[in-house]
Each structure stands twice: as C-alpha cells, then as structure tokens.
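Me: I'd like to walk through this protein with you, one question at a time. Could you have the structure in view while we talk?

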Amino acid sequence: MTSRIPRDSRLRLVRPRPLAAAPPAMNQRRPRRAAPRPPEGTPARSELARMARSGLADAARVARWADTALGPGRGSATADGKATLSDATAGHAARELGLTPAEVRADWDTARLAGLVEVHGGSARPGWRLRAWNRDDSAVLRGWVALFDAWSLAHPEPDGQEPAAVAEVISAMPQVLSFLQLSAGPVPVAQLLDLLEQRVTELRTERCEVPYGPRLEPGTPQTATAAAPLPDAAADTPLAPLLDWALHALASVGALTCGDGHATLTPLGSWAVWVKLEQICVAAQSPAGNIEQSAEDMLRGCAQLRPNAARAEYRAWLAARPVGSAVAELLGGARGEDALLRGLAFEALRVVGAPAEPDVRAVLDEPTLRPYALLWLAEHDGADPEDAHEVLTRQEATWLWVDTAAAVADHGEAPLLVRHLESAVQPTVPALLDEVRAVGHPRTVQVLVALAAAHPDPALAKAVRRAAFQVHTGGN
C-alpha cells in the first residue's frame with residue numbers, strides 16, 4: 001500500500017499574528033474610554049514637539065556627532081575602541097563642535113537621559129529616538145518626558161545635603177508640580193514651600209506609623225523614651241534650600257521658570273504633569289480590573305481581550321508600578337510553562353518600550369526567551385514588525401513556531417492551530433516535521449498530537465502522528 005502523504009506540500013508563508021490578535025472565544029464589546037483632552041490652552045502636539053526639539057537641540061547635536069564619529073570602524077573612535085565619552089573624546093567633540101569639554105559632557109548627559117544615546121556597559125550607540133527625531137513628534141515628546149522624569153539626575157543636589165531629606169523632597173515634588181499645573185500660572189515659592197513641608201510631614205508620618213523601640217508587655221506603662229522615634233537627621237534639614245534646588249533642576253530641563261519669588265510651569269512642563277496625572281487616572285480605571293493582580297494573573301486576564309483592549313490593560317497595570325519591578329515581574333511570568341503568557345508578556349514589554357531594553361537584552365542567553373527577546377529588540381531598533389523575524393536563525397524560528405503552537409493548543413481552537421501550520425518557515429511539511437523533531441522543544445509531542453487531531457487531511461495527520469511517536473520514543 002503506497003502512502004498518500006504529500007512529499008512536497010508547499011506551505012504558504014505568512015507572518016504569524018500576535019496571539020492577542022486571535023479572535024476571542026466570545027464576542028466582547030467593552031465601552032471605550034474617551035480619549036482625554038489636555039487642559040484648555042495647551043499647545044498642539046506639533047508645537048510641543050517643536051519646543052522639545054529646541055530645548056534638546058544641543059543634546060541631539062552631540063548625539064549625532066557621536067553617531068558619526070564613534071561608530072564601529074571609524075578612525076576617530078576612542079583609543080580603547082569603544083564609543084564612550086572619554087576625556088579624549090570630549091576634547092575631540094569640543095574642537096569639532098566649537099564647545100568646551102564641560103558643555104559637551106553636559107549635553108552628552110542630557111542626551112543619555114532623553115534616550116538619544118543608549119549606553120551598554122562600556123559602549124554607547126544612538127538611541128531609536130535620535131533616528132526618529134526629525135520625523136516623529138511622539139518620539140521627541142517621549143524623549144523630553146524621559147528627561148523630565150530624570151530631573152534630579154540632570155541637576156544633582158548640592159553637596160552636603162542629607163540623603164534622606166533629598167529623597168523625601170524628590171518623593172514630594174509630584175504634589176508640588178500638580179499644584180503648579182492646577183494653578184495654571186505663577187505661584188509664590190513661599191506657598192510651594194508650605195506645600196512641600198506638609199507633604200514631607202505626611203511622608204514621615206506614614207513611615208513612622210509603627211513605633212520604634214522594643215515592644216512592651218501588656219499592662220506595662222509606656223514611657224516617653226520607649227515611644228519616641230529614633231533621631232532622624234532628615235527631620236532637622238531645612239527644606240527651603242532643597243526646594244530651591246528642585247525648582248532650578250526642573251527649570252534646567254525646561255519644565256518651569258523661576259523669577260521674582262514665583263515659579264511657573266512652561267507649556268511643556270504643564271503638559272507633562274497633565275500626562276502623568278492622566279496615567280494615574282488610567283491606572284485607577286483599569287479597564288478589566290487587573291491592576292492589583294500579579295503579572296501572571298494580569299496576563300491571563302488579558303488573554304481573551306482584543307489587542308487594543310489588552311494594550312490599555314498593560315498600560316494601566318504598568319502605570320501603577322515602578323518600571324524596573326514591572327519589567328522583572330513580566331519576565332518572570334514569561335519564564336513559566338504557559339507559552340501564551342510568554343507571548344503576552346513580550347507584548348506588554350512592547351508597551352514599556354526603551355526602559356525595558358537592558359532587561360530584555362539580559363535574557364538573550366535563556367533559550368526559552370531568546371526568540372521573543374530577539375524579535376523585541378529588532379522591533380525596538382526600528383525593524384519593520386513584518387520583517388523582524390529575519391533576525392532569528394532557522395532553529396530559533398522553529399522553536400518559536402512550536403512554542404506558539406503550544407499556546408494555541410492550550411488556549412486556542414483547532415482551526416487556529418491548523419492555520420498556524422502556514423506560518424512555518426519550512427517550505428514543506430516533511431521539512432517542518434524534521435526540524436521540529438530536532439529543535440528539542442519540551443512541548444513538541446503535545447503540539448504534534450494536537451495538530452494531528454485538528455488537521456482535516458488524513459494523510460498529513462498520519463505523518464504528524466508518526467513524528468509525534470518518534471519524538472516520544474526517541475526513534476527515527
């Protein structure tokens with residue numbers, strides 16, 4: 001009896017859709033939140049971007065110089081062969097740009113904080129925002145907001161200040177900025193100082209809710225010594241000089257102006273504070289109610305959402321957490337056994353954007369996450385999502401195909417698994433089965449069994465079952 005298995009079944013090559021794009025099991029219609037409008041009088045985004053480009057022009061100039069002068073293989077690279085801003089490089093840039101070395105270093109630091117330059121270990125490279133600087137207003141505004149967020153690094157505090165007091169002022173400044181934004185005009189610095197002192201007092205009260213010192217047995221009289229908190233050096237630090245530092249630091253990044261005893265937000269600063277307040281509102285109105293969940297539970301909650309709804313949920317969840325811990329938690333969820341969560345975790349990391357790059361790059365050595373990380377990095381570096389898969393080796397692409405098939409088998413429907421067959425890079429079914437068997441994915445047997453059960457072609461299903469049996473028994 002001759003086999004009816006097609007020996008040259010050509011597969012139509014299509015790019016696999018993100019799993020979040022798969023039609024959900026049931027029709028879901030969620031009310032859409034109306035797009036928020038900035039306060040009346042806020043300039044248009046194009047005008048805000050023009051302001052940001054103007055304020056960051058010097059930083060962009062130094063970043064472009066570094067891109068040209070410090071690229072691999074160029075004769076003007078530094079002595080150690082790395083694109084770092086050494087003393088020699090700062091001097092070289094100063095001569096070519098007509099600046100002092102100190103000005104070059106200041107512009108370089110600004111470029112780094114704005115994401116125009118990205119430093120990895122001992123080397124630097126142009127950031128994606130620099131590539132999009134002249135054509136993408138959103139990239140420019142995101143770069144300026146990144147600098148705004150880093151105002152305390154852009155203008156370090158004076159020497160000799162108590163670190164705890166500095167940290168308290170930095171934690172309290174969002175409330176000060178919110179007051180400035182709501183005031184929509186000049187505010188006396190003395191009034192801001194009163195507000196800062198109130199907020200710092202609240203922070204200290206929250207921190208000291210649990211009494212210091214040893215616990216007393218019930219019935220033991222509580223003396224003043226036992227109940228009093230330990231001396232706090234920050235409590236004796238005057239806040240007026242620190243407020244002055246904070247206001248001048250924010251002025252140095254273009255967020256506000258100071259003069260005649262008053263502070264006023266610039267249009268960029270007012271818009272940025274409004275953006276931050278809006279993010280808090282989005283976090284408080286988590287569309288699907290997953291804001292307080294762990295990363296894994298949040299991703300499971302997003303599995304049945306359509307792409308736009310899922311991204312809104314990612315943004316709400318991320319807005320409620322520090323970026324570093326959120327990225328670590330998402331990568332932790334991606335390391336689990338559920339392949340669907342792996343794919344969704346990297347979709348959420350796409351919402352994070354540039355701040356997630358170091359952590360994503362750090363997982364390239366993990367076989368389970370490497371294909372996802374490579375695709376993420378390719379898209380982050382500007383590759384067209386349709387072409388990003390070209391960064392994968394044949395083996396990595398096959399491993400990703402099996403992992404995605406595992407997610408579909410666990411959470412999708414049989415027709416979706418059959419359609420997934422068309423996304424394989426191999427030109428024939430026999431070639432696909434050979435490479436799937438060789439790639440060593442731990443879910444290979446389950447994937448092949450599910451595919452055989454779902455496929456309507458009896459001959460192809462028989463070939464897939466045979467491959468599953470061979471993987472299971474270790475035979476050929």
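Me: Happy to start with confidence. What is the mean pLDDT of the protein?
Reply: Good place to begin, since this is a predicted model. Of the protein's residues, 79% reach 70 or more. The mean pLDDT is 78.

Me: Where is confidence lowest, and where is it highest?
Reply: The low end belongs to helix 10, residues 224-227, with a mean of 38. At the other end, residues 262-265 have a mean of 94. Those residues make up the element with the highest confidence, strand 5.

Me: Over which residues does pLDDT stay under 50?
Reply: One such stretch is residues 73-83, for which the model has 17 contacts beyond four places in sequence. Another has 8 contacts of that kind. That second stretch covers residues 209-231.

Me: Let's turn to strand 5. How many bridges does strand 4 form with strand 5?
Reply: Strand 4 spans residues 256-259 and pairs with strand 5 in the antiparallel sense. Within this pairing, Cys258 stands opposite Ala263. The number of bridges is 4.

Me: Which residue in the hairpin of strand 4 and strand 5 takes a positive phi?
Reply: The hairpin has 2 residues between its strands. The positive phi is near 55°, and the residue that takes it is Asp260.

Me: What is the bridge partner of Pro188 in strand 5?
Reply: Strand 3, residues 187-188, also pairs with strand 5 in the antiparallel sense. That pairing runs over 2 bridges. Opposite Pro188, the partner in strand 5 is His262.

Me: Which side chains along strand 5 are buried?
Reply: The side chains alternate along this strand. His262 and Thr264 point to one face and are not buried. Pointing to the other face, the buried ones are Ala263 and Leu265.

Me: Now for charged side chains. How many residues apart are Arg105 and Asp87?
Reply: Arg105 and Asp87 meet through their side chains in a salt bridge, at 2.5 Å from N to O. This pair links distant parts of the chain, with Arg105 in helix 4 (residues 101-113) and Asp87 in helix 3 (residues 87-97). Their separation in sequence is 18 residues.

Me: Is Asp87 buried or exposed?
Reply: Its partner Arg105 counts as partly exposed, because its relative accessibility is 31%. Asp87 has a relative accessible area of 65%, and the cut-off for exposed is over 50%. Asp87 is therefore exposed.

Me: Why are Arg300 and Glu296 separated by about one helical turn?
Reply: The two side chains meet in a salt bridge, at 3.1 Å from N to O. Arg300 is partly exposed at 40% relative accessible area, and Glu296 is partly exposed at 36%. They are about one helical turn apart because both lie in helix 13 (residues 295-302), at a spacing of 4 residues.

Me: Which residue is linked with Glu296 and Arg300 in a network of salt bridges?
Reply: Glu296 and Arg300 already form a salt bridge with each other. The network also includes Asp338.

Me: One last pair: how far apart are the closest N and O atoms of Arg437 and Asp434?
Reply: Arg437 and Asp434 are 3 residues apart in helix 21 (residues 429-439), so about one helical turn separates them. Arg437 is partly exposed at 27% relative accessible area, and Asp434 is partly exposed at 48%. In their salt bridge, the closest N and O atoms are separated by 3.8 Å.

Notes
Residues are numbered from 1 along each chain as its sequence is written. This is a predicted model: local features need pLDDT of at least 70, side-chain atom pairs count only at pLDDT 80 or more; totals for chains, interfaces and linings use all residues. Side-chain values use heavy atoms; hydrogens and water are left out. pLDDT is the predictor's confidence in each residue, from 0 to 100. Contact means heavy atoms within 4.5 Å. Two strands pair if DSSP finds at least two bridges between them. A salt bridge is a side-chain nitrogen of Lys or Arg within 4 Å of a carboxyl oxygen of Asp or Glu. Buried means under 20% relative accessible area, exposed over 50%, partly exposed in between (1.4 Å probe, protein chains only).
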